[in-house]
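Reader: Before I rely on any assignment here, I would like each label to be set against its cut-off. Could we go through them one at a time?

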Amino acid sequence: MKNGARGRPQAPSGTKPFTVTIAGTERFDGEAPYTWVVEAADMRSAVNKALAYHALSQDQRLCDLEVDPLHTFEGVPPENCAYHWNDIRPELPQLRRDSAGKQPRK
């Protein structure tokens with residue numbers, strides 16, 4: 001990812017930012033859901049990326065996760081939003097490079 005004006009990451013060609021909110025098993029303990037910002041070509045790809053990242057980073061099963069459609073949208077959250085969100089756009093390309101560098105199993 002290249003840095004654009006003011007040091008903000010530029011989206012790879014053909015992608016745009018999406019905000020995806022996911023509630024995992026923490027919802028049963030009264031915790032708030034996680035909100036992720038990802039780069040993707042469309043909403044379906046964005047949700048899939050966020051679900052996979054959430055499941056792996058929080059050590060949860062996909063079947064235990066729920067996407068909150070009221071807090072999932074194209075773009076980044078507004079500056080004055082009343083919740084914390086996680087920008088994982090810079091992390092996902094690194095994960096892709098790391099997994100691509102692994103040797104195939106024999």
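Reader: Leaving aside neighbours within four places in sequence, which residues is Ala46 in contact with?

Author: Contact means heavy atoms within 4.5 Å, and outside that sequence window Ala46 is in contact with Phe18, Val20, Val38 and Ala40. This is a predicted model, in which local features need pLDDT of at least 70 and side-chain atom pairs count only at pLDDT 80 or more, while totals for chains, interfaces and linings use all residues. Residues are numbered from 1 along each chain as its sequence is written, and side-chain values use heavy atoms, with hydrogens and water left out.

Reader: What is the mean pLDDT of the protein chain?

Author: On pLDDT, the predictor's confidence in each residue from 0 to 100, the chain has a mean of 83, and 75% of its residues reach 70 or more. Over residues 97–106 the pLDDT is below 50, and this stretch has zero contacts in the model beyond near neighbours in sequence.

Reader: Why is Thr35 called buried?

Author: Buried means under 20% relative accessible area, exposed over 50%, and partly exposed in between, with a 1.4 Å probe and protein chains only; Thr35 has 4%, and is therefore buried. Its side chain also makes a polar contact with the side chain of Thr21 at 3.0 Å, where the term requires a pair of N or O atoms within 3.5 Å, one within protein able to donate a hydrogen and the other to accept it, and residues adjacent in sequence count only if both atoms are side-chain atoms.

Reader: What makes the pair Arg89 and Asp87 a salt bridge?

Author: The term asks for a side-chain nitrogen of Lys or Arg within 4 Å of a carboxyl oxygen of Asp or Glu, and the side chains of Arg89 and Asp87 meet at 2.6 Å, N to O. Salt bridges that share partners join Glu39, Asp87 and Arg89 into one network, the side chains of Arg89 and Glu39 meeting at 3.4 Å, N to O.

Reader: Why do Arg89 and Asp87 carry the labels buried and partly exposed?

Author: Arg89 has a relative accessible area of 11%, so it counts as buried, whereas Asp87 has 29% and is therefore partly exposed.

Reader: Which label does Arg61 receive, buried or exposed?

Author: Arg61 has 54% relative accessibility and therefore counts as exposed. Arg61 forms a salt bridge with Asp64, the closest N and O atoms being 3.2 Å apart, and Asp64, at 22%, counts as partly exposed.
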